[in-house]
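I opened a new entry to go through strand pairing first and charged side chains afterwards. The notes follow the order in which I looked things up.

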Amino acid sequence: MSKRAKKNQDVSADGGNDNGSEPAAKKGKKTKEPEAPILYEDPPDKLTSKDGRAANTKITSWNVDGLRAWVKKNGLDWVRQEAPDVLCLQETKCAEKALPAEITSMPEYPHKYWAGSEDKEGYSGVAMLCKTEPIKVTYGIGKEEHDKEGRVITAEFPSFFLVTAYVPNSGRGLVRLDYRKTWDVDFRTYLSDLDKRKPLVLCGDLNVAHQEIDLKNPKGNRKNAGFTPEEREGFGQLLSAGFTDSFRELYPEQTNAYTFWTYMMNARSKNVGWRLDYFLLSAALVPGLCDSKIRNTAMGSDHCPITLHLAV
């Protein structure tokens, strides 16, 4: 999500003051110690599916909040260590002509695909880097009003489609909520049509926390972008269309598992966050789901990367 800090969102779920100062202690009483934050610990990777197959496909998705800055923050070092088969990036904010040589020359990923905003440089943008060449790669969802912002890349592999997306933010004051609702309908139609041809994996920053368990402070954010009833309903309709939230499939009750933290108020160290980044799977791929990881110790952006282990 792009600079949610700018959108006036309430990240004070732990009760701290917005200005960071502590209230004055009453005379004769000890100041109450702040509670230690509850952090999510990413468990060891599971590399076998429920039906006993070994994982043979590893996909990583990361909203990098500016590709050039992320590269300077050594994001590629983490990628090399993680070594996914496919790396999907969102919010690259970088025209193809300005891509850093460090990423364009990566020998680990000889097949690289980029999409950016046609109208606004330094806005939106997604990328897909593959170790093996896809059968076919397409850009957008077939609707000009959406595709001009450079938000979707789809790659066809032998047994599945991989779609990476940076879903539009509804914005401060929800100025783009109506547009977002249109996007949700059109994007769902696009995915459902793909699914009729071949099962798919959708990954990326979907810019919604689906349930209250998916953000630290649900009560304070019901009227804020990313947690409005309309956006949550749109996500629910995507699930109803036959797609599965891989993380919740495996960890239905897991709390404090977030992928985004505003830069303000030490939100990340306090783990005052949102789960906005997802891997969704077609029904046909769910039996091969091995693990869905939140790599919350990886730094370099206001989002952390997520990784999918799949047997296909």
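**Sheet and salt bridges**

I began with strand 1 and strand 2 (residues 86-90), which pair in the parallel sense over five bridges. The model is a predicted one. For one register point I took W62, whose bridge partner in strand 2 is L89.

Next I checked what packs here. Helix 2 (residues 75-82) lies on the sheet and touches strand 1, strand 2 and strand 12. I noted an angle of about 165° between the direction of helix 2 and that of strand 1.

I then wrote down the whole sheet. It is open, has six strands in the order 3-4-2-1-12-11, and its pairing is mixed. At the edges I found strand 3 (111-115) and strand 11, each of which pairs on one side only. The average turn between neighbouring strands of this sheet is 10°, direction ignored.

I followed strand 12 on both sides. With strand 1 it pairs in the antiparallel sense over five bridges, and K58 has H309 as its bridge partner in strand 12. Strand 11 and strand 12 also pair in the antiparallel sense, over five bridges; here K293 has T307 as its bridge partner in strand 12.

How many residues of strand 12 are buried? I counted five of its five. In a regular strand, side chains alternate between the two faces of the sheet. I therefore listed the faces of strand 12 separately: I306, L308 and L310 are on one side, T307 and H309 on the other, and all are buried, so both faces are covered.

I looked at helix 5 (residues 177-197) for its length. Its 21 residues reach 31 Å from the first C-alpha to the last, close to the 30 Å expected at 1.5 Å a residue. The buried residues of helix 5 include the charged-type names R180, D184, D186 and R188. Among the others on that buried list are L177, Y179, W183 and F187.

I turned to salt bridges, and the count came to 22. The pair I opened first was R295 and D45, with the closest N and O atoms 2.7 Å apart. R295 sits in the loop between strand 11 (289-294) and strand 12 (306-310), and D45 in the segment before strand 1 (57-63), so the pair links distant parts of the chain, 250 residues apart. Is R295 buried or exposed? I read a relative accessible area of 11%, which means buried, since the cut-off is under 20%. D45, at 31%, counts as partly exposed.

I compared this with R222 and E212, whose side chains meet in a salt bridge at 2.8 Å, N to O. Both lie in the loop between strand 8 (200-205) and helix 6 (229-240), ten residues apart. R222 has a relative accessible area of 34% and is partly exposed. E212 is partly exposed as well, at 39%.

Back on strand 11, I looked up K293, which forms a salt bridge with D291 at 3.2 Å between the closest N and O atoms. Both K293 and D291 are buried. Which residues belong to the network that joins D291 and K293? I listed D42, D45, K58, E82, D291, K293 and R295, joined into one network by salt bridges that share partners.I closed the entry with two residues that came up twice. K58 is in that network and is bridged to H309 of strand 12. K293 is also in the network, and its bridge partner in strand 12 is T307.

Key. Residues are numbered from 1 along each chain as its sequence is written. This is a predicted model: local features need pLDDT of at least 70, side-chain atom pairs count only at pLDDT 80 or more; totals for chains, interfaces and linings use all residues. Side-chain values use heavy atoms; hydrogens and water are left out. A salt bridge is a side-chain nitrogen of Lys or Arg within 4 Å of a carboxyl oxygen of Asp or Glu. Helices (H or I, at least four residues) and strands (E, at least two) are DSSP runs, numbered from the N terminus. Buried means under 20% relative accessible area, exposed over 50%, partly exposed in between (1.4 Å probe, protein chains only). Two strands pair if DSSP finds at least two bridges between them. Axes are lines fitted to C-alpha atoms, for helices over the stretch in contact, and angles run from 0 to 180 degrees between N-to-C directions. Contact means heavy atoms within 4.5 Å. The expected span of a helix is 1.5 Å times one less than its number of residues.
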